[in-house]
Amino acid sequence: MRIECVVLPGAKGAFDVDIAGGSIQSITPSLSGDPVRLLLPAFVDLHMHADRAYAQGPRAARSLEDAVEQVEAVKRAATEEDIFGRACKLFRRASAHGTTGLRTHVDIDPVVGWKPLNAVTRARRQFEEVLDVSIVAFATAHLDPRSAAGRRTVAEAVAGGADMIGTVVPFHEDPIASSNAILDLAEELGVDADFHIDEKGESQFLLEELTDACLSRKMHGRVTASHCCALATAPPEDAARTIAKLAEARMTVIALPALNLHLQDRGIITPRRRGIAPVREMLDAGVPVRFGSDNVMDVFYPYGDADPLEAAFLASITGHVDDETALLRGVCNGRSRVEEGMVANLVVVEAASWNEAIARRPLPRTVLRRGRRVTEEENDQR
Ligand SMILES: [Zn+2]
């Protein structure tokens with residue numbers, strides 16, 4: 001397969017890209033004319049909730065706590081088929097936008113039982129030709145990983161198909177003890193850990209303690225922290241010290257601009273704080289920073305369409321991340337270039353530049369996974 005006359009990130013001019021055997025064989029200057037299409041590494045969205053996407057509550061959430069309260073009824077009412085349908089819809093939308101890899105949290109607790117994990121693993125199988133889906137067994141506020149039942153449930157979730165484990169740190173009675181319990185289990189089970197942390201604004205700042213725990217366990221590069229909003233309002237010296245530790249621990253930090261803009265500092269007046277983690281300082285320090293979708297049209301966030309270009313756009317205007325390479329790495333899990341020899345997970349965007357791509361976020365897009373076109377049908381249906 002040849003993709004003709006495309007612009008590539010970080011390169012001047014137009015190129016023809018030849019693909020065979022699932023990888024890029026050659027990239028040569030194009031003689032075909034003026035390029036109007038941009039070829040990018042396919043997107044990897046590292047923070048989603050496939051089990052709850054599209055499930056809205058009775059009213060718009062007034063705060064993070066209000067959303068957490070409302071989601072209980074939504075979770076109790078959902079059947080496994082409901083959840084399967086939501087996950088499939090989310091995977092279809094993600095794929096149509098150019099995502100070939102995603103990570104989704106899946107609730108595990110006594111409220112939902114195994115319905116979400118069963119449904120999302122089934123959806124993962126259904127989309128295995130299209131998407132690499134990684135599942136985080138997500139111990140909610142109703143499942144304390146310190147307890148014997150909690151530990152058993154997390155271990156069973158890994159046996160049942162979860163690839164990683166995590167929890168929502170601030171909603172546990174003893175947040176640090178619960179995150180330490182997850183780290184203990186991650187070491188025991190041989191999986192990586194992924195945390196929701198510091199999403200309660202400046203009232204709680206736990207990231208430094210989590211990072212210290214990862215460093216003392218030598219879990220370098222094996223832990224992800226999402227949200228990290230309190231880092232933006234922590235005293236500057238505390239923030240700087242924590243960011244240096246995050247870099248040392250090679251902890252991935254996922255900023256979620258849409259969700260944080262929507263819920264952080266929400267009240268009866270216009271918000272004064274943006275909520276987004278201090279991504280520029282982290283990028284400068286060498287922390288692997290990613291930008292994710294998080295919730296899509298659900299109790300926590302009524303908008304969104306699983307489009308990483310939208311996450312990049314929001315990261316750019318809210319975090320003032322202007323650098324193309326940093327934005328691409330943020331939505332392509334560290335990749336920012338299209339190069340010979342790389343696996344042909346690619347997306348063609350009908351835009352003449354990266355700037356135009358995030359400004360217009362045009363559809364449809366042509367998506368290749370391991371050199372095979374995967375999204376014609378979804379795009380045709382739009
Ligand atoms: Zn989340």
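Helices here are DSSP runs of H or I with at least four residues, numbered from the N terminus. This model is predicted. The report covers helix α5 and its surroundings, a second helix pair, and several loop residues.

**Helix α5**

Helix α5 covers residues 175-189. It has 15 residues, and at 1.5 Å a residue these should span 21 Å. The expected span takes one less than the number of residues. The end C-alpha atoms of α5 lie 21 Å apart, so the model agrees with the expected span.

What comes right after the helix? Gly190 follows α5. Its phi is positive, near 70°.

Which residues of α5 are buried? They are Pro175, Ser178, Ser179, Ala181, Ile182, Leu183, Leu185 and Ala186. The elements covering these buried residues include strands and helices. Among them are β7 (132-139), β8 (164-168) and β9 (192-197). Helices α4 (148-159) and α6 also contribute to the cover.

**α5 against α6**

Helix α6 spans residues 207-216. It packs with α5 at an angle of about 30°, and the two axes are 10 Å apart. Angles under 35 degrees count as roughly parallel. That is why α5 is roughly parallel to α6. The crossing of α5 past α6 is right-handed.

On the α5 side, the contact uses Ile176, Ser179, Asn180 and Leu183. They meet Glu209, Leu210, Ala213 and Cys214 of α6. By type, these contact residues are five nonpolar, two polar and one charged. Ser179 and Leu183 appear in this contact and are also listed as buried.

**α2 against α3**

Helix α2 (residues 80-96) packs with helix α3 (residues 115-126) at an angle of about 40°. Their axes are 8 Å apart. The two helices are therefore oblique to each other. Their crossing is right-handed.

From α2, the contact takes Glu80, Ile83, Phe84, Ala87, Cys88 and Phe91. From α3 it takes Lys115, Pro116, Asn118, Ala119, Val120, Arg122, Ala123 and Gln126. The contact residues of this pair divide into nine nonpolar, two polar and three charged.

**Loop residues**

Two residues other than glycine have positive phi values. Asp265 has a phi of about 60°. This residue is in the loop between α8 (257-263) and α9 (279-285). His320 has a phi near 55°. Its loop runs between α10 (308-319) and α11 (324-331).

A cis peptide bond joins Leu363 to Pro364, with omega near 0°. Pro364 sits in the loop between α12 (354-360) and β14 (366-369).

Val374 lies in the loop between β15 (372-373) and α13 (376-381). How far is Val374 from Val130, in sequence and in space? The two are 244 residues apart in sequence, but their C-alpha atoms are 6.0 Å apart. Beyond its neighbours within four places in sequence, Val374 is in contact with Ser95, Glu129, Val130, Val367, Leu368 and Arg369. Ser95 falls within the span given for α2, residues 80-96.

Buried or exposed? The table sets out three of these loop residues. A residue is buried at 20 or more other C-beta atoms within 10 Å, exposed at 12 or fewer, and partly exposed in between.

| Residue | Class | Other C-beta atoms within 10 Å |
|---|---|---|
| Val374 | buried | 21 atoms |
| Asp265 | partly exposed | 18 atoms |
| His320 | exposed | 10 atoms |

Val374 is thus a buried loop residue, whereas His320 is exposed.

Notes
Residues are numbered from 1 along each chain as its sequence is written. This is a predicted model: local features need pLDDT of at least 70, side-chain atom pairs count only at pLDDT 80 or more; totals for chains, interfaces and linings use all residues. Axes are lines fitted to C-alpha atoms, for helices over the stretch in contact, and angles run from 0 to 180 degrees between N-to-C directions. Angles under 35 degrees count as roughly parallel, over 145 as roughly antiparallel, 65 to 115 as roughly perpendicular and the rest as oblique. A crossing is left-handed if the near helix is turned anticlockwise from the far one by less than a right angle, and right-handed if clockwise. Two residues are in contact if their C-beta atoms, placed from the backbone, lie within 7 Å. Ala, Val, Leu, Ile, Met, Phe, Trp, Tyr, Cys and Pro count as nonpolar, Asp, Glu, Lys and Arg as charged, and the others, Gly among them, as polar.
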